[in-house]
Every structure is written in C-alpha cells, then in structure tokens.
Amino acid sequence: MMTPIAVLFTVTAYFIVLLIVSGIARRNVDNAGFFTGNRQSKWYMVAFAMIGASISGVTYVSVPGMVDKSGFGYLQLVMGFIVGQLVIAFVLTPLFYKMQLTSVYEYLRNRFGMASYHTGAWFFFVSKMLGAAVRLFLVCFTLQLLAFEPLGIPFIVNVVISVGFVWLYTHQGGVKSVIWADLIKTSCLIISVLLCIVFIARDMHLSFTGVVNSIQQSEMSRILFFDDVNNKQFFFKQFFAGIFTTIAMTGLDQDMMQRNLSCRNSRESQKNMLISILMQFIVVAAFLMLGVLLYQEAALHGMDVAGDQLFPTIATSRLLPGIVGILFIIGLASSAYNAAGSALTALTTSFTVDILGIKNRSEEEVKRTRKLVHIGMTVLMGAVIVAFNALNNTSVIDAVYTLASYTYGPILGMFAFGILFKKPVRDKWIPLVALASPLLCLLLDKHSEQWLNGYRFSYELLILNALFTFIGLCLLIRREQTE
C-alpha cells in the first residue's frame, strides 16, 4: 500500500520532469509562440499529444468507475466523437487557417460584430474555467484522500500547491509547453493503463484470453443501448450528443484548437486530428476494460467500493504490487495537471486576445498583460476548486458534460449560423439570445418528464441549446444592410 509520503514523492518527481520539459519548450518564446506555437508544431507530435489532451483526470478516475452503472455505453458517445472530429477537420480547420486566427472566437467578430465576439469569448471563459476546475478538483480530492489528509494538511494547501505548479510550468512556454507536456501525459496514460490491466490480470490468474473472456461475459461490457428512449444511455442520445459535443468542446474550444492550430497548415492539422481520434477510441476502450477488471478484483477480495473511488482505492491498496500505485499516481498527475495547464493557457489567450484586446499594442505591452492575466486565471481557478470542495460532490464526469450542454450550446449555435448562412444579423441583440437559450433548456430539462411523457434529457441538451440560439439568430436577420 502506498504511503502518503510515497504519493507526494511520486507527484513531485513527475512535476520535476514536467518543469524540465517546460523549460526546454519555453526557450525564446514570444507572444506568438505562447498563443499559437508559431505554427511550427509537427502534426504527428500534436496527434500523439491530442490523445492525452482529450483525457482529463475525470476520464482517468471516473470512466473505469462508471461501468457498473452504464457498462461500455460511454463508447456510444465516443463513436459520435469520431464523426464530430471529421466535421472539425474538414469544415472548421480550413476556415480557421484561412482566416489566420489566434483565437477561434475572432471568427465571430469578423462574421457578426463585437457583441457576438465578446459573447463567444465570455461563454468560453465560463465553460473552460468551470470545466477545468471540476477536473482539477477531482485530482485534488484524490490526493487529499491518499496523501494530504493522512498528513494533516488542509485542502486549501493542496489546492494552492496544485494550481501554483500549473502556473509555474505554463507561464512562459504557453502552447509549446502544453504540447510537450501532453506528449509525456499520453505516454504515461497508455503505459499506466496497460500495466494496471496486466497486474490485475496476474492477481486474478487470468491469461490474455482469460481477460478477454472475463470482460465479454460480464454484464458490464454492454456497449449499445437501443431498448429505452427515456434511458440516458439510449444510443442515439449518446451518439448525436457525442457529435455535437466534440464540435463544441474541441472545434469551438480555444483550449483544444490552440493545439491543432499550432500545426504548419490545415492539411497537417487534419492528419493529426484523424489519427488522434481513432487512437482516443482505443484508449477509452482500454479504460472501460480496466473498469470491469477493477470491479471483478474488488468482488474477489470482498471490497465494497465503486464509482470515483474504485480505481484510486484498488490501485493504491495492498492487493497489487506497489508499481501499480505508482503508475496510478503518475497517470492521475499527468492527466490532471496537463489538462489544467492547457486550460489555463487557453483562458489566458482568450481573455487577453478576445476580451481585453491586443490590437495596436506593442509586443512588450502584450507580454505584460498576458502575464498578469495568467496569474489572475490561476487564482480564480483555485478559488473555484475550493468552492467545488465545499459542495462536496465528487461524481463529476456527468457534471462536466451536463455543464458543457449549457455553456457550449450558444457558441455552437452562433458558429453554425455563421457558417451556414451569410445574412447579416443585429449583432447587439445576440448576447440576449445567447443567455436566453440555456435558460430555456434549463426550464425544459426540469419539466421534461412532465411535459414530454417521461422523456429525460441527457447530453443531447447541447443540441437543443444550439438550436434555440440558431433560431434566435434567424429572428435577428437584418432585411437590409443598414439598420
């Protein structure tokens, strides 16, 4: 069983490696290097990095723990991710490269006007800040359970150390540091998951064929759900939600697209996205397989553990060799801190470029502003994590996608309208439409079972949210070029 000191030592060792890599990546980095990596990233490096970029601490901890309730149903969502990634690769990416965007929300300024531009940027800000804080919170919670609490260290100290480190490795290198960190993260995740499966199988005396048969025969290995439309796991709910969630949370997300836009051109960016999404499917499937084995291991030893506590508890217990616990901590640290670092970089980029504006400012002024914003984003992220801890809810993977349904919907609706229609709209009213859409979705979600014969919304609420925004923009179409 891993001691608290061993946990902290492992995390510290990973920090040191990440700082060394960050130090190499940030050499001679100017503002363009921080924001876009000077568009010199190798596509195959970005592709490998993006596998890890799509896997946060939430995925690492929660996906294995959710198989007892939803089986392999999460793969239905990932199938939608693949289709969504094709849309991003062949529709959005060429457009963004053609416009030479630093922030993807600059598209809204060019298409509609400043009100839309700031609306998209603010919705991204709220979405990414809350989403990144939720992800990092889960890791802080796990480290508190395994190390800080046994040592009598308060949660607030845990948070300060965590966000302080994230700031430290991203404050100079920006997206260059993020991509190199994601390369390490992807390697750590793949190695940790595969070796955890090997060691658990060894403890259960299962060969490779035995592992496959054990998973296939388990009731938790069900993938497709077509039997009940009111079930949140219903295939078409998950599949179509996966498509639009990927378009919104990757294609229209400054955090994820900042990596893709760092490639030399749109063709290389497309290659990176196609390779990475196929690899992501394989990695997520491995997480789900691990989840089945973890539940079987817990049942074998009479352990009453489930959900987000399943993987941490078994990986750091006496049941498995100490290396499994070390691999778990490394995988957790890499998945969490890298995701927070990339989010912090994207938030800094979007707030500096989109909300504060850098037009007509000198390189030195932009650098000074960027650094102050970066510090502010770090402090705010820490405060949000402390607030989540006060709410005391660690079942967060569902919360992340539900939150995205409300906050990314208006962004998706605005981009969809802008790309599909070329008509001018009354820009000054768009913020009201963007605020009204999620409020209508919230009202409908609260009363759907009563109003829609028992129907319960899942992540497809994102599609409805975007549709409300799209309809609202149709109502704002200007009949003439001047008002």
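Which helices each supply at least two residues of the lining of the second largest pocket? I opened the notebook with this point and kept in mind throughout that the model is predicted.

**Entry 1: the pocket**

I found four helices that meet the condition: α6, α12 (235-251), α19 (409-420) and α21 (461-475). Of these, α19 gives the most to the lining, with six residues. I then looked up the pocket itself, the second largest, and noted a volume of about 330 Å³. Its lining consists of 16 residues. Those that lie nearest the centre are F244, I247, L412, A416 and L420. For background, I recorded that rolling a probe the size of a water molecule over the atoms shows where empty space is left.

**Entry 2: helix α6**

I turned next to α6, one of the helices that supply at least two residues of that lining. Helix α6 covers residues 74-98, which makes 25 residues. I compared its reach with expectation: from the first C-alpha to the last it extends 35 Å, close to the 36 Å expected at 1.5 Å a residue. Where does the kink in α6 lie? I located it at L92, shortly before the proline P94, with an angle of about 35°. After the helix comes Q100, and I noted that its phi is positive, near 50°.

**Entry 3: N158**

I examined N158, which belongs to helix α9 (residues 155-170). Is N158 buried or exposed? I entered it as buried, because its relative accessibility is 0% and the cut-off for buried is under 20%. I then looked for a polar partner of its side chain. A polar atom of the N158 side chain lies 2.7 Å from the backbone oxygen of C140. C140 also appears in the list of contacts, in which neighbours within four places in sequence are left aside: N158 is in contact with C140, L143, Q144 and F148.

**Entry 4: I16**

I looked up I16 in helix α1 (residues 4-25). I classed I16 as partly exposed, because its relative accessibility is 47% and partly exposed lies between 20% and 50%. I also checked its separation from Y169, which is 153 residues away along the chain. The C-alpha atoms of I16 and Y169 are separated by 9.8 Å.

**Entry 5: the whole chain**

I closed with the chain as a whole. How many helices and strands does the protein chain have? I recorded 21 helices and zero strands. The chain has 483 residues, of which 59% count as buried. Among the contacts with a separation of 6 or more, 85% are between residues 24 or more positions apart.

Conventions. Residues are numbered from 1 along each chain as its sequence is written. This is a predicted model: local features need pLDDT of at least 70, side-chain atom pairs count only at pLDDT 80 or more; totals for chains, interfaces and linings use all residues. Side-chain values use heavy atoms; hydrogens and water are left out. The expected span of a helix is 1.5 Å times one less than its number of residues. The bend at a residue is the angle between axes fitted to the seven residues ending there and the seven starting there. Buried means under 20% relative accessible area, exposed over 50%, partly exposed in between (1.4 Å probe, protein chains only). A polar contact is a pair of N or O atoms within 3.5 Å; within protein, one must be able to donate a hydrogen and the other to accept it, and residues adjacent in sequence count only if both atoms are side-chain atoms. Contact means heavy atoms within 4.5 Å. On a 1 Å grid over the protein atoms alone, a cavity is a set of points where a 1.4 Å probe fits but cannot get out, and a pocket is an open set with protein on both sides within 12 Å along at least five of seven lines; lining residues have an atom within 4 Å of a point. Grid points are joined across faces, edges and corners, and a volume is the space filled by probe spheres set on the points.
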